[in-house]
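Q: Could you walk me through reading a helix, a core and a sheet, with the model at hand?

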Amino acid sequence: GEIFARFERETQQFLLRIACLPRMSAAVAEGLSGDPKAGRLLLNLALNDYFVSEVAAEEGRVFQLHPLLRDFLRNRAAQDLPEALAPAHLRRAASLLAAAGQVEDAVSLLAECRDWPEIARLAAGAADTMLAQGRSETLAGWLELLPAEVLGGDAHLLKALAACRGESSPRAARRLYEQAFEAFRRSGDQGGMIECCAGVID
């Protein structure tokens, strides 16, 4: 709190606007805060050990707020800048993160604002890649966040969750494949039906 109080108001506002971000590139921070000096501010904070660190990531240079700082900023934002924690702001942050390749971070924000349709869209788009990479538990975690009416209404998501559970829980996987099969049959998707049959056989 003492450190935060010493910052210029511009820096304080910047930190409050990015408080929702688990990790961020300079471009994401700039896009969310609207501050063209975002990269320089983050780098200065990291170099001065102000609870900001630079972490190695496939996406390039990424900065991460210390959990204590992030909690402090979120609490302060709730008082001084509530729009920085509003669903619209979280959705904007999630969109920027997803576009930057930080899909897992995006999903965590979407779950916070309960944007189930967008989580379903991201999961559907990433499912095949994540399964091929062996990241089935992460994908299953996303899908199991979804309400039953969202998950049950999408044959592709049911099939993806069945594939996630194929090794850890074969009985559950078979039930999911059966549900997906029926959903594909109702929509006349023979390719999906065949993939579900293959999943049950496996």
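Q: Which residues are buried in helix 5?
A: Buried means under 20% relative accessible area, exposed over 50% and partly exposed in between, with a 1.4 Å probe and protein chains only. Helices are DSSP runs of H or I with at least four residues, strands are runs of E with at least two, and both are numbered from the N terminus. In helix 5, the buried residues are L69, R70, L73, R74 and A77. They lie on the same side of helix 5, because they cover an arc of only 135° around the axis, taken from the directions from the helix axis to the C-beta atoms. L68, N75 and Q79 are exposed on the other side. This is a predicted model: local features need pLDDT of at least 70, side-chain atom pairs count only at pLDDT 80 or more, and totals for chains, interfaces and linings use all residues. Residues are numbered from 1 along each chain as its sequence is written, and side-chain values use heavy atoms, without hydrogens and water.

Q: What covers the buried residues of helix 5?
A: Look for contact, meaning heavy atoms within 4.5 Å. The cover includes helix 1 (2–6), helix 2 (9–17), strand 2 (52–55), strand 3 (62–65) and helix 7 (103–112).

Q: How is the open sheet ordered?
A: Strands of a sheet pair through backbone hydrogen bonds, either parallel or antiparallel. Two strands count as paired if DSSP finds at least two bridges between them. Here 3 strands follow the order 1-3-2, with antiparallel pairing. Strand 1 (23–24) and strand 2 each have a single partner strand, so one side of each is left without a neighbour in the sheet. Strand 2 and strand 3 pair over 4 bridges.
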